[in-house]
Amino acid sequence: MSARPAPSLDRELAAWLGATVGPALHLDAPFGAITTYRVGGRTAGMVRVGEPQQFSAIVSAVRGAGLPMVVLGQGSNLLVAERGWPGLVLALGSAFEDVLLDDEGVVAGGACALPTLARRLAAAGRTGLEWAVGVPGSVGGAVRMNAGGHGSDVAASLLEAQILDLATGSCRWRPAAELALGFRSSAVSATDVVLRARFALGRGDPAVGRRALDEIVRWRREHQPGARNAGSVFVNPANVPAGRLVEGAGLRGFRLASARVSERHANFIVADPGGSADDVAALIALARERVAEVWGVLLEPEIRLVGFVPEDLETPLASVPNALQEVESFGRSDGRRA
Ligand SMILES: Cc1cc2nc3c(=O)[nH]c(=O)nc-3n(C[C@H](O)[C@H](O)[C@H](O)COP(=O)(O)OP(=O)(O)OC[C@H]3O[C@@H](n4cnc5c(N)ncnc54)[C@H](O)[C@@H]3O)c2cc1C
């Protein structure tokens, strides 16, 4: 395998971005290391948006320079390639962690951590987002993914979301019906940033809510692996859990270099400490191929793959066309798949 170039922004663009965005821009920043997988490369630039007005500089960068960009929430559904990301990562800062309860429900900032939000709502005797205590993502990432669990999901209570389109600069509240929320999917695109979301909530007894949360956390600890993963690797097909297909293909506990299919839940792939994101991606490709051979079912990856190019992978990810479609990239086309 050839030596990998470190990701970098061209100098002029970096200087211009630095001058407009200011100290919020960090060049050559850790990326894979701050996802829940804790493996993978760096990013050429990272901006944590503290002030809403910083968006205009970023929108100019994206539109004018065609800068490849990916939006980062808590990084709990991302796998970043070892070669890193040659563009900008945009994350929402603490200005987007606001939580405002009213009679109808709650407006929560895109950067709010779901478990924190779920606990706060339960303590206030509000019901409907209990499931979120078990999902280690952000409100923005949850809307994009239509995250869910324990019989519910974002779609069950989302009323509307405030979304900034970085490609056009337009920002508006979009009704849930416009977002085409499907199973772990939505019409929220790679150029959209979910700034806030409004959820409908019911009312209940805080003690009952707390018990429901405790039960969800207990169930998770029992049934899912703890460290270095990004939740379910594959979307469940209509009639059967993906994990059952992976297990039925003989892959429970299967190891490929520094990545292994979890013993506890076969739809989770866990990375070793200090392991390689490319090993994880190769194991995803292998599991998909093996399940297709054994069951005739082509699993769709739920995890978002960032920065991969097919030649990085010994088991070619090119054999996983739907995985490549998950690659987050837009903007400048320099002949490489980002
Ligand atoms: C242990 C574990 C258990 C999990 N269990 C579940 C589960 O039960 N159910 C479930 O649905 N998921 C589960 N997940 C996956 C993950 O937590 C969810 O998909 C979550 O919604 C991702 O949110 P995030 O903020 O981490 O997004 P990220 O991983 O940072 O990003 C995911 C996608 O959302 C986009 N995105 C992130 N923030 C924004 C934003 N503000 N605006 C627009 N786009 C954005 C990213 O560009 C990317 O495309 C689990 C993950 C782990 C590690």
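Visitor: Which element gives the most to the shell around the ligand?

Guide: Helix α4 does, with five residues. Keep in mind that this is a predicted model. In total, 36 residues surround the ligand, and the closest are G73, G137, G140, G141 and G231. The elements that give two or more residues to that shell are β3 (69-72), α4 (139-145), β9 (148-149) and β13.

Visitor: How do the residues of that shell divide into nonpolar, polar and charged?

Guide: You get 14 nonpolar, 17 polar and five charged residues.

Visitor: β3 was on your list. How should I read the two faces of a strand like that?

Guide: Start with the general idea: in a regular strand, side chains alternate between the two faces of the sheet. Now take β3: M69 and V71 lie on one side, V70 and L72 on the other, and all of them are buried. Both faces of β3 are thus covered.

Visitor: In which sense do β3 and β5 pair, parallel or antiparallel?

Guide: Parallel, over four bridges, with β5 spanning residues 85-92. If you want one pair to look at, V71 has L90 in β5 as its bridge partner.

Visitor: Which residues touch the most other members of the largest nonpolar core?

Guide: L90 turns up again here, together with L79 and V280, in a core of 101 residues. Helix α7 (residues 277-295) supplies the largest share of this core, ten residues. To trace the surroundings of L79, skip its neighbours within four places in sequence; its contacts then include Y37, G40, A230, I303, L305 and V306, along with A277, V280 and A281.

Visitor: And β13, the other strand at the ligand? What is the order of the strands in its sheet?

Guide: Read across the open sheet and you find five strands, β6-β7-β13-β11-β12, with antiparallel pairing. β6 (99-101) and β12 (171-175) are the edge strands; each has a single partner, so one side of each is left without a neighbour in the sheet. From one strand to the next, the twist averages 20°.

Visitor: How many bridges join β11 to β13?

Guide: Seven, between residues 158-165 of β11 and residues 192-200 of β13. Within that antiparallel pair, L164 stands opposite V193 in β13.

Visitor: Let's zoom out. What does the secondary structure of the chain come to?

Guide: Eight helices and 18 strands. The chain has 338 residues, and 49% of them count as buried. For a sense of how sequence maps onto contacts, take those with a separation of 6 or more: residues 24 or more positions apart account for 66% of them.

Methods:
Residues numbered from 1 in each chain as written. Predicted model: local features only at pLDDT ≥ 70, side-chain atom pairs only at ≥ 80, totals over all residues. Pairing = 2+ DSSP bridges. Axes fitted to C-alpha atoms, helices over the stretch in contact; angles between N-to-C directions. Near = placed C-beta within 6 Å. Nonpolar A, V, L, I, M, F, W, Y, C, P; charged D, E, K, R; others polar. Buried ≥ 20, exposed ≤ 12 C-beta atoms within 10 Å, placed from the backbone. Contact = placed C-beta atoms within 7 Å. Core = buried A, V, L, I, M, F, W, Y, C linked by C-beta atoms within 7 Å.
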